[in-house]
Amino acid sequence: MDLLLIQSQEHDTLPLAELKAVLENENINSEIEVITNGLIHLKNLKKEEYVNNYQILARRLAYTHEILEIITIRDLEDYNNSLKENIETSNEEYIENMIEDFNTIDWNNYIEDNFAVRLKRFNKVSVDTVRLERKLGGIIKLATNTIVNLDAPTSFIKLIISKNKLFLTIRRFKLNKKHFQEMKPHKRPFFYPGSMNPKLARGMVNLSKVKEGDLVLDPFCGTGGILIEAGLIGAKLIGSDINWKMKNGTCINLEHYGLTDYKLYHLDVREMKLIDKVDAVVTDPPYGISSSTCGENNENIFYQFLDSIAKNIKKNGIITIASPDSLNLDKILNELNYELIERHEIKMHKSLTRIISVISKRD
Ligand SMILES: C[S@@+](CC[C@H](N)C(=O)[O-])C[C@H]1O[C@@H](n2cnc3c(N)ncnc32)[C@H](O)[C@@H]1O
């Protein structure tokens, strides 16, 4: 079975890196083909595991917006041999050939009570969208004796056209855009400026390969944004902060989202000695203006934090951290014998680029 994933195009590397981390972490075996930025083909998923697979992806991924099951794939050139480049699908012969092809599919295998058809183009392919949607809708209606329901269809057929390929798919999952909106820091009962946006927080948790039941630590927990996202995918949580107001605020926020498997400490990270070592660390250490460094300079904070965390994380545990581009993190990683696994840059504004680094302690 094959899936087609529509991803966020807001960042060049993070959505794909997040997907790869979750596939590996959840033992989902699949070949990945990047069709174009924002469109990923997952090949050869095992039939018996496939529903479970896409449900896991839907539950975990922050940067994947839609998960579609592929019904069939066509080369656009097959519809009109004279066309090589500059596909103009409003061409009559071209559309007729497509329609004839869509008629060969047994739609009763896919459509439940009612349906909708939508077309999405990538790479600015020129397509007569409305005409194709209507024609395909007509075919399905006739073949299945069902009705069109554009508001809340039980079956959502999606035609994806990219470069020279056409994917005929049925939607299995669409991210509720409201989810990460509703999770935004100012909607939580305890708010303090400088909290990370929930989408990035979830992405970072995924990059740290956190599994359900894993023990995850954020030693600069602030208002608890990262811990909330780790908790929502089933991790056990440890949070700490040098500021007791933050520690208490995190407690209020975790309870607000129904998260109860946590321990919180009012603690300077440099003095941390946990009884149980954690599986992963995901954190946004203080830097810049809005986050308090308690008078310490950036370099010292990062050095001392990474030195301390090495004693509190399991062997091969993954740490995902945000840092400002002004900091020479590599120097610190070398001195403390950390390995850099991957890195992503996020431009926040003119004077700040955030660097997301995924690291692990060398033996
Ligand atoms: C950037 S904020 C963390 C934001 C957090 N990710 C959130 O979503 O709210 C950094 C936090 O580090 C805390 N902090 C600063 N120095 C610390 C230290 N030495 N040990 C522990 N926490 C510290 C600050 O009190 C602040 O709450």
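How many Å separate the centres of domain 1 and domain 2, taken over C-alpha atoms? The answer is 36 Å. The domain assignment puts domain 1 at 3-174 and domain 2 at 180-361; such bounds come from an automatic or database domain assignment.

Before going on, two notes on the model. It is a predicted model, in which local features need pLDDT of at least 70 and side-chain atom pairs count only at pLDDT 80 or more, while totals for chains, interfaces and linings use all residues. Residues are numbered from 1 along each chain as its sequence is written.

Now the overall picture. The C-alpha trace spans about 70 × 40 × 35 Å along its principal axes. There are 10 helices and 15 strands, where helices (H or I, at least four residues) and strands (E, at least two) are DSSP runs, numbered from the N terminus. Of the 363 residues, 34% are buried, meaning that 20 or more other C-beta atoms, placed from the backbone, lie within 10 Å of the residue's own.

Back to the two domains. Their contact takes 13 residues from domain 1 and 11 residues from domain 2; two residues are in contact if their C-beta atoms, placed from the backbone, lie within 7 Å. On the domain 1 side, α1 and α2 (50-60) are the elements that give two or more residues. The largest share, 7 residues, comes from α1.

Helix α1 (residues 14-25) also meets helix α6 (residues 198-207): their axes come within 8 Å and cross at roughly 45 degrees. Axes here are lines fitted to C-alpha atoms, for helices over the stretch in contact, with angles from 0 to 180 degrees between N-to-C directions. The two helices are therefore oblique to each other, since angles under 35 degrees count as roughly parallel, over 145 as roughly antiparallel, 65 to 115 as roughly perpendicular and the rest as oblique. From α1, the contact uses Leu14, Ala17, Glu18, Ala21 and Val22. From α6 come Gly203, Asn206 and Leu207.

Last, helix α7. Is α7 largely enclosed or open, and why? Of its 8 residues (225-232), 7 are buried, so α7 is largely enclosed by the rest of the structure. Those buried are Gly225, Ile226, Leu227, Ile228, Glu229, Ala230 and Gly231. Their cover includes α6, already mentioned for its contact with α1, along with β9 (215-218), β10 (236-241), α8 (244-256), β11 (262-266) and β12 (278-283). After α7 comes glycine 234, with a positive phi near 95 degrees.

Key
A residue is buried if 20 or more other C-beta atoms lie within 10 Å of its own, exposed if 12 or fewer, and partly exposed in between; C-beta atoms are placed from the backbone.
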